[in-house]
Every structure is written in structure tokens, then in C-alpha cells.
There are 2 protein chains.
Amino acid sequence: MQPSLIAANIQCPILSQAKLETREFLVERSRIRRMERGEGIFLHQTPARSCFVVMNGWVKLYRILDSGDEAVLRMHTRGEAFAFADVLRRGDHQYGADAASECLLLEIPADALRQVLNDDPAFGAILLSHSFEQIDALSDQIEALKCQSGIQRVAAFLRYHARPKGNHLFVTLPYEKVLMAAYLGIKPESLSRALAKLRQHGVVAVDGGLEITDQGALDELIASRAVERRMAAR
Amino acid sequence: MQPSLIAANIQCPILSQAKLETREFLVERSRIRRMERGEGIFLHQTPARSCFVVMNGWVKLYRILDSGDEAVLRMHTRGEAFAFADVLRRGDHQYGADAASECLLLEIPADALRQVLNDDPAFGAILLSHSFEQIDALSDQIEALKCQSGIQRVAAFLRYHARPKGNHLFVTLPYEKVLMAAYLGIKPESLSRALAKLRQHGVVAVDGGLEITDQGALDELIASRAVERRMAAR
DNA sequence: CGCTATATTGAAGATCTTCAAGGTGAGTGG
DNA sequence: CCACTCACCTTGAAGATCTTCAATATAGCG
């Protein structure tokens, strides 16, 4: 496949906003990598020699704490980029990365990225606006972790991943529940119980996913406070 | 005071890394604002007309959720910058900002920032590396919120703000406990109880602050898991 | 079929919140 | 100077939420 075709197929904001020449140069210098589920992409605190764009599947960015616990920082899917910051700082990776599902990655070598940033002044602005979006996404996570209960975060997660289907919204869980729980900052058992409770709020399991039959009830749960939830349970 | 002197006094990485001409232009176009504790700087989802550098004191960045709860996203102090992303995207503020203590701010008008980004190609790179640091700070918060208990986050907060003093480490709490609790994602009562428990781990209250008499014990607590903490309590 | 990984459920306990009451200290006015 | 107020902090008790551990269920796969 031609570089131009590959780049167009990835649907990556960073690549599609760059001028043709830059885009083709990056893709030509890159390597397409196919990863199995669970395979490691790079480890935390190892030298950043490449950065990546997800072409397909899901990638988990995580850290292992001294306690042995794993903190899942972000999940990335088609078109999303990661490890650009690590490469540009010429330092170590600030997190580890694993393939969360079978996935296709575009691996961009460090020197290619640095050269592009040198040669194409507009590319810096693209990266800047991309990093602003990262900040927004992380801020949203912090907001949820500081102010919402586990079940509210689960509900908001479903809401975010829901797509219209017939009269209702339908959610195909993007990855396994163990991982989903880690991303939401709860244990798998708690996720299981949260999903069970959500049946009272219009979330029913159907083959291969979940159906949201009462969107209003779910939104109400997400926006409610603990006190209100207690009242409603009576 | 001359712009050059002001800029030097702020000790802001963004300004000090910029070339002299850029730095002076920004400071000349800016206004120094003095805010009382609790005073609002700007509101969430209002047009971003300026961005800011903290010259002194503490600033709280926060969001009010539909539930009425307040999520404290970041705290900024001397030399740190905020709202640059909002200005450059020509959009609304992604969070509200309040003076958490009496403080001095450098208020940079939106057009001055945009002009500098246009005229000085190196300035974009400075902003990019600054936003990478923001991402790191937010990632650290997420790591703590997902994997650490309240008391561990309190301990880590003390560790972070501690400075050597005599034989031990000493912490002057940077702002009131209500705010500290909100930043850590717990209630003020829980913070109070956490600090009480930390006395068993070598944290003693002295006039105007806390002394860490057993740094090893504190670090051990921060890195421990729930199971280990239970064992240790016997 | 049995194996393994993943998911669910129950029970007990840890952690955090809520609500209520009391304490402390700085500032104010008599 | 003392009492009063107000804001902030602490403590106790009860309850909500989440975790832990153990047992069981389910599904995919050789």
C-alpha cells in the first residue's frame, strides 16, 4: 500500500492535519507492527526510541507502583497517538504500553519525528493542540475519580462508549472487564456488582454487549450525589 | 520595575526559557494583578481572554459537577502557568480558577500570547514542553487516585511538600485543609483522621506545620498495599 | 472432555463519608 | 480586657462504598 493510502486509512488527527509531504515522510520512515493481545510494546522508564499511532485495536498505558499495583493511565484506540512526548524529550518512557487487544500500530522512529518537527514548523502546532487534548482527557479522569463513586464512573463509561442502535443506546464493551475495572480505578468484583446494580437503572445485558433502555435514568445516576442516591433507593 | 526585572523575579520556566525580546514583550503587554484569598480569577466555560503566570501564592483550578461537588484539578504556585491552552485554542476555559491564598498574578492578554507564538518559532517548543509537564503531573495524580488509599495520598502529599530542617523533614501546609482534602479527593474529616493516624508513622504536629521524624516509615506506608498495612497494624 | 482464563456472588472487613457535636483561635465590639 | 462571633478543624457514631478472600459459574479452546 502507498504511504498516502496508509496515512489516510489511519484516521489520525496528527497525521491528517499535517501537510502531505510531512505525512508521507513519517509513514515512509515508519514500520507497521501487529501485536497480539497482552504483548508488551515498551516498558516504563526505558529509553523512548519510537512513538506510535494506533491503527486498530486498543493499547493500554500503565504504571506499576512500588506496591505492585498497576495504575492504568489511558486507553488508546484507532487514530490516537502515544509516546510522542517521551520521544521529543529524548528521555525515558513515562509509562509502560501493552496491546490490550490484537492491534495494528504505526511505529514512528524517534529521529523521523524530530526531523519532521525541525523541517515543518506547522507540525509543532499540531502536536501542541494534540497535547492539549491529552490534558483535557486526563482532567476529565481526575474529575471523575475525585467526585464520582465507582458505579457513577461505570455508568459514565458506558454512556461514553454507547452508540445508537434502534430505539436505544447500545454498548459493546471495548475490552475485558478486568482492564475496564483497572481503568476506572476499581476492582473487577466491584465492576461486576456495579453492572448488576445498573440493571435497576435501565442497563440490560444482551448478546455481546449492554443495552441502555433508559438513558435519562442513567444520566440522572451519573449526575447525582450520594445523598440523593440513598433517597432514591427507598 | 523594568519588565526584565519582573520577568526574572517570577522564576517561570516558560518566561525564562524564552528569548529576551519575547519575554519583555509578554511582560510589557501584561498586567500584574493582586488577588485576595477566595477571589475568582475566571469561571469554567467562559471565553478565555487571558492566560496567567503565578508570581506568588496559590491558585486553584477546579470544576463544579452537575452533582454540585467541586473537583480540584490542579494547584499552582510561583512560576507556574495556567490557561495557556484555553487561550491558544481560542475557546472557553476548561476549568474555573480561584485565588487559594492572597496572590500575585501576571495576566497575559490572549492577543499578546498569540502574537508571540506567531513571531517567535522557539516559543511553541517551550509551550510544548510545558504541556508535557502538565501531562506528567496529571498522570501522577491519576496514578495516586487509582491505586492509593486516602491516607497514602496524604502521606505522599506531605512527602512532596517537605523540606529539610535540622535533622528531620518539615512540612508547612501550603493551603487550608479543606482545600488540601479536595485536592486529594477526600473529605476534610477524612483528612483530619488521616493526619491523626500518621502520628503512628512519624508525623508530629509542631507549631505552624508538621515534622516528619521517621521518613522511612512514611515511605514504607506510601509504597505498601492494603494487606501489608493490615498486618503491620497487629 | 477437561483445562484455563474470565466473570459472578457471598460474607467479612477496611475505608471513606455523612451528620452531629464540640473544640480552637483570630478578630471584633462592648 | 473579656465575651462574642465566625471560620476552621477535630472527633464520635452510623452507614455507604469498596476491597478481600473464597467459592462457584461460565466461556473459549486444545
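## The surface near DNA strand C

Sort the residues near DNA strand C by class and you get 4 nonpolar, 5 polar and 11 charged. This is a predicted model, so read the distances below as computed from it. In total, 20 residues surround strand C, and the closest are A:Lys177, A:Arg193, B:Gly150, B:Ser190 and B:Arg193. Of the strand C atoms that come within 4 Å of the protein, sugar and phosphate make up 71%.

A few polar contacts give the flavor. The side chain of A:Lys177 puts an N or O atom 3.0 Å from a phosphate oxygen of strand C, while the side chain of A:Ser192 has one 3.1 Å from a sugar or linking oxygen. On the base side, a polar side-chain atom of B:Arg193 sits 2.8 Å from a base oxygen of strand C. The elements giving two or more residues to this surface are helices H8 (177-184), H9 (188-198) and H11 (226-232) of chain A, plus H9 (188-198) and H11 (226-232) of chain B.

## The surface near DNA strand D

Now for the other strand. There are 20 residues around DNA strand D, and A:Gly150, A:Ser190, A:Arg193, B:Arg37 and B:Lys177 come nearest. By class they split into 4 nonpolar, 5 polar and 11 charged. Sugar or phosphate accounts for 72% of the strand D atoms within 4 Å of the protein, and bases for the rest.

A:Arg193 handles a base here: an N or O atom of its side chain is 2.8 Å from a base oxygen of strand D. Chain B meets phosphate oxygens of strand D, with a polar side-chain atom of B:Ser192 at 3.1 Å and a polar backbone atom of B:Val178 at 3.4 Å. At least two residues each come from H9 and H11 of chain A and from H8, H9 and H11 of chain B.

## How H8 and H9 of chain B pack

In chain B, the axes of H8 (residues 177-184) and H9 come within 8 Å and cross at roughly 95°. That crossing makes H8(B) roughly perpendicular to H9(B).

The H8(B) side of the contact is B:Lys177, B:Val178, B:Met180 and B:Ala181, which meet B:Pro188, B:Leu191 and B:Leu195 of H9(B). That is 6 nonpolar residues, no polar ones and 1 charged.

## Annotated domains in chain A

An unreviewed UniProt entry places "domain: HTH crp-type" at residues 148-216 of chain A. That stretch is 48% helix and 22% strand, with its end C-alpha atoms 18 Å apart.

UniProt (unreviewed entry) also places "domain: Cyclic nucleotide-binding" at residues 14-117 of chain A. Here the span is 26% helix and 39% strand, and the end C-alpha atoms lie 12 Å apart.

Conventions. Residues numbered from 1 in each chain as written. Chains lettered and ligands numbered in written order. Predicted model: local features only at pLDDT ≥ 70, side-chain atom pairs only at ≥ 80, totals over all residues. Heavy atoms only, no water. Near = heavy atom within 4 Å. Polar contact = N/O pair within 3.5 Å; in protein donor to acceptor, adjacent residues only side chain to side chain. Helix = DSSP H or I, 4+ residues; strand = E, 2+ residues; numbered from the N terminus. Nonpolar A, V, L, I, M, F, W, Y, C, P; charged D, E, K, R; others polar. Axes fitted to C-alpha atoms, helices over the stretch in contact; angles between N-to-C directions. Parallel < 35°, antiparallel > 145°, perpendicular 65-115°, else oblique. Contact = heavy atoms within 4.5 Å. UniProt positions renumbered as here; feature names shortened; annotations may be inferred.
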